[in-house]
Amino acid sequence: MSAAQDLHDPEREQLDTQWLYRQGDLVLGPLTGHQLVEKLYAGQVTGKTEVSATGPSGFRKLEELDAFKLHVSKAAAKQRVEAEARALRARRLRQKLFAAAVAVVVLGVLGAGAWQIARYSSVYLPGVKRDELSIEVSTPVITVAKRSRPEELFEYPGEPKQQTAERPSTKPPETTPDKPETKPDNKPEKVASAAGSKPDRRPTGGRPTGKVTTDADGLSTEVNYDQAAINRVVKQSQSTLYRCFKEEAERRPGFAAKVPLEFTIGNDGRVAQLWVDHPQLKKGPLFDCLLGEMKKWPFKAYTGERATVNLAFTIGKK
């Protein structure tokens with residue numbers, strides 16, 4: 001028993017001895033062997049750390065000293081366990097952050113989708129209240145395009161009357177036939193009258209296709225557009241303009257007015273021109289919004305004279 005105690009005495013002496021240890025190029029200490037063991041478990045020193053009990057010379061690694069071998073093994077195992085625990089926590093944290101990011105993206109997409117659906121429903125879907133904004137639409141009237149500029153629409157009280165050039169008459173001037181000289185007991189000679197001859201209005205270059213109409217001046221126009229098809233497109237698409245009027249009502253609190261519209265459909269089936277027959281709305285955000293939406297209306301392409309559509313919206317609060 002005493003021999004066994006003597007066998008362990010050197011280890012106890014090493015733990016009670018004052019030790020110097022190296023940390024990089026520095027020599028630190030002195031520390032007791034117990035203090036070195038504490039630093040070993042704290043990860044401040046390792047089994048590779050060199051220590052010396054005899055001064056600046058004679059440095060040896062901790063893992064080579066019998067008194068520290070067991071502590072070096074336990075400290076290494078403890079460090080591995082803690083490293084694995086830290087890695088596991090970091091991995092779980094990354095998973096939580098990823099799940100949170102996915103949840104935020106999903107909620108953002110759902111929120112944006114819900115907002116778009118609500119916005120679409122409030123503007124386009126029938127039977128849905130549009131912030132108590134009443135919008136009534138008149139029956140469209142389709143005619144052959146004649147207007148050349150927007151000032152030829154209506155005259156408003158208080159606005160200066162604009163003079164427009166009168167369309168020159170295409171009718172030939174009437175001439176009075178000269179009276180022939182008469183002689184006694186002789187019958188008057190027959191004289192050809194310019195007014196008596198009928199002008200030849202037969203079209204040249206072949207017979208026009210489609211429906212041919214004649215205006216007040218006697219000019220023939222070719223009409224090939226389908227009024228029923230135009231009415232269907234207007235009826236199906238007119239609700240797309242509600243958003244424009246709603247935005248105008250937000251810009252103008254208490255906005256209420258009758259807004260007549262007139263637009264021309266080009267031969268390519270797209271709205272080519274728009275006139276807003278209201279003195280305060282001829283230009284501006286409402287005009288731009290209406291024209292932008294109406295340019296998307298899918299009319300059929302056609303040939304011949306262009307079609308003009310008159311449509312009126314009555315805006316007011318319910």
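# Exercises on a predicted chain

Buried residues account for 28% of the 318 residues in the protein chain, where buried means under 20% relative accessible area, exposed over 50% and partly exposed in between, with a 1.4 Å probe and protein chains only. We're working with a predicted model, in which local features need pLDDT of at least 70 and side-chain atom pairs count only at pLDDT 80 or more, while totals for chains, interfaces and linings use all residues. Residues are numbered from 1 along each chain as its sequence is written, and side-chain values use heavy atoms, with hydrogens and water left out.

**Exercise 1. Work out the strand order of the open sheet of four strands, and find what packs on it.**

Step 1. Start with the inventory: the protein chain has six helices and eleven strands. These are DSSP runs numbered from the N terminus (helices are H or I, at least four residues; strands are E, at least two).

Step 2. Line up the strands. The order is E2-E1-E3-E4, with antiparallel pairing; two strands pair if DSSP finds at least two bridges between them. At the edges are E2 (26-32) and E4 (60-61), each pairing on one side only.

Step 3. Now add the helix. H2 (residues 33-42) packs on the sheet and touches E1, E2 and E3 (50-52), a contact being heavy atoms within 4.5 Å. The direction of H2 makes about 115° with that of E2; axes are lines fitted to C-alpha atoms, for helices over the stretch in contact, and angles run from 0 to 180 degrees between N-to-C directions.

Step 4. Zoom in on E1 (residues 18-23), which pairs with E2 over five bridges in the antiparallel sense. Tyrosine 21 stands opposite leucine 28 in E2.

**Exercise 2. Trace threonine 308 to its polar partner, then to the hairpin of E9 and E10.**

Step 1. Threonine 308 lies in strand E11 (residues 307-317). This residue counts as buried because its relative accessibility is 3%.

Step 2. Its side chain makes a polar contact of 3.5 Å with that of threonine 264. The term covers a pair of N or O atoms within 3.5 Å; within protein, one must be able to donate a hydrogen and the other to accept it, and residues adjacent in sequence count only if both atoms are side-chain atoms.

Step 3. Threonine 264 in turn stands opposite glutamine 273 in E10. Strands E9 (residues 257-265) and E10 (residues 271-276) are antiparallel partners over five bridges. Their hairpin has five residues between the strands, and glycine 269 there takes a positive phi near 85°.

**Exercise 3. Find the aromatic pair of tyrosine 225 and describe its geometry and burial.**

Step 1. Six aromatic pairs turn up in the whole structure. Rings of Phe, Tyr and Trp (its six-membered ring) pair if their centres lie within 6.5 Å; planes under 30 degrees apart count as stacked, over 60 as edge-to-face and the rest as tilted.

Step 2. Tyrosine 225 pairs edge-to-face with tyrosine 302, at 5.9 Å centre to centre and 80° between the planes. The two are 77 residues apart: tyrosine 225 is in the loop between E8 (220-223) and H4 (227-237), and tyrosine 302 in the loop between H6 (285-294) and E11.

Step 3. Check burial. Tyrosine 225 counts as buried because its relative accessibility is 9%, and tyrosine 302 is buried too, with a relative accessible area of 10%.
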